[in-house]
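Hi everyone, thanks for coming. Let me put today's structure up on the screen, and then we can walk through a few parts of it together.

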Amino acid sequence: DPSEGPPSPAEFMQDEPLGPLSPLVKEEEEEESASPNAFLQKSLEPAGNQAIPPFTLSESDVRPPRKRRTTIAPKPNCRLNLWSLMKNCIGRELSKIPLPVNINEPLSFAQRIIEDLEYSSILTAAADCDNSLEQLAHIAAFTVSSYASTTARTGKPFNPMLGETFEYDYTDGVERGWRALSEQVGHHPPETAMHAEHKEWMFWQDYVMGSKFRGFYLQIIPQGHAHLIFRRTGNHYLYKRAVMSTVNNIVVGRLYVDQSGEFDIINETTKEYCHIKYHPYSIFSREEAKKVTGVVCDSHSIPRYFVFGTWDKQMQFAKIRGNFAPFVSTAKRVNYPTETPIVAWQRNPLRPAADTMYGLGEFACSLNEPEEGVAPTDSRQRPDQRLMEDGDYDSANGKKLELEEKQRASTRARGAAGERIGKQQG
């Protein structure tokens, strides 16, 4: 764990670049290279010079302030031999294997993807920036914040049914003031799309999740893109979902999650970018655990800001003093002299009893709160997920099998209908 007190920028610069991907990772990337469907991919292309629609709320849309729940019922004390369950899954794609709810958390991935907006106040702060390079530093902190909850959570989200949706309206919240919608748009591989809007910004992304169990650890390998547009300036940012999550000690020891990978956040408007690196944990390294560093560069690749912190606690950024050679991600890191750091994000503390609630924070606990008037396809309407949250695992497992069989029957029916149409057209 990091030592007490925030580290200095210099401490975060003492590192070697992440080397080439191992053959194992390359093999998995090839195996999981299924592209998102064409319709979704088209919908996620940059907006170019298109006008950004305003964020409007009619009187009927305005909701009175409401108090959302911040806790859920404690999970039951059910012993589970994880190895006996997972040993037959080695090397296989877990999304294709029926698994009991005992290894889940009471959230669907359609809800989990909207949990990325827990720290949406970072985007609101970024919207106020007149300096696009400083704005990039804030966005870098925002991308890191979405991984903060994983340090205390090892439960698997429910895989959404095809067509399952989740709508979260936070326009009654004074601090946030946003609304979001997600939908499961693909089944194999699992593919989720979401869109969120605020009076200052729009955010949308797609996420295709690949997962492989390797015996002692589980790898979650994402694909997808995220887009962010600020209404006042029109700055349009794009980045890939490229951070691999690894759940360790599946067989013996305490489960823990690590994040690793590199990606660029690109300002499509100005061609400025931020290169972000999640440093993989190693017992042989002296580096701080869960370390993240980033370099914000202008359109000529000249480093202007240094971003540093850990994905489980906080992120800071500092302006680089002086001019340096163009940034090269594969080169050895430079110890940039910086001005006084600014804290861009700090993790919300967990309640002392969070471990009895699947490691969920207060915001996550609110996502599956029952609400009247939601769509029939909304995740909060899933009976197996609701039964599991209520602690009735046996009934939840039975209902989950029933829903999965209905989905398989529906898939077979669509396939048969497609064959008939094809023969008629042929």
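Before we look at a helix, one term: buried means a residue with under 20% relative accessible area. Please also keep in mind that what you see is a predicted model.

Let's start with helix H7, residues 132-145. H7 has 14 residues, and from its first C-alpha to its last it reaches 20 Å, close to the 20 Å expected at 1.5 Å a residue. Where does H7 sit, then, enclosed by the rest of the structure or not? Of its 14 residues, 13 are buried, so H7 is largely enclosed by the rest of the structure. Have a look at the N-terminal end of H7 as well, which is capped by Asn131. A side-chain oxygen of Asn131 lies 2.8 Å from the backbone nitrogen of Leu133.

Next, the cysteines. How many disulfides does the structure hold? Zero. Take Cys297: the closest cysteine sulfur belongs to Cys274, and at 7.7 Å that is too far for a bond. For a disulfide, the two sulfur atoms would have to be within 2.5 Å. Cys297 is buried, with a relative accessible area of 0%, and Cys365 is buried too, at 1%.

Now for the aromatic rings. The structure holds 18 aromatic pairs. One of them is formed by Tyr170 and Phe363, an edge-to-face pair with 6.1 Å centre to centre and 65 degrees between the planes. This pair links distant parts of the chain, 193 residues apart: Tyr170 is in the loop between strands E3 and E4, while Phe363 is in helix H8. Both partners count as buried, Tyr170 at 11% relative accessibility and Phe363 at 6%.

Here is another pair to find on the screen, Tyr305 and Phe317. Their ring centres are 6.0 Å apart and their planes are at 65 degrees, so this pair is edge-to-face. Tyr305 lies in strand E14 and Phe317 in strand E15, so the pair ties together parts that are 12 residues apart in sequence. Tyr305 counts as buried at 6% relative accessibility, and Phe317 is buried at 2%.

Let's finish back at Tyr170 and Phe363. Which residues do ring pairs link into a cluster with these two? They are Phe166, Tyr168 and Trp178. Thanks for listening, and I'm happy to go back to any part of the picture.

Terms used: Residues numbered from 1 in each chain as written. Predicted model: local features only at pLDDT ≥ 70, side-chain atom pairs only at ≥ 80, totals over all residues. Heavy atoms only, no water. Helix = DSSP H or I, 4+ residues; strand = E, 2+ residues; numbered from the N terminus. Expected span 1.5 Å × (residues − 1). Buried < 20%, exposed > 50% of the residue type's maximum accessible area, 1.4 Å probe, protein only. Polar contact = N/O pair within 3.5 Å; in protein donor to acceptor, adjacent residues only side chain to side chain. Phe/Tyr/Trp six-rings, centres within 6.5 Å; stacked < 30°, edge-to-face > 60°.
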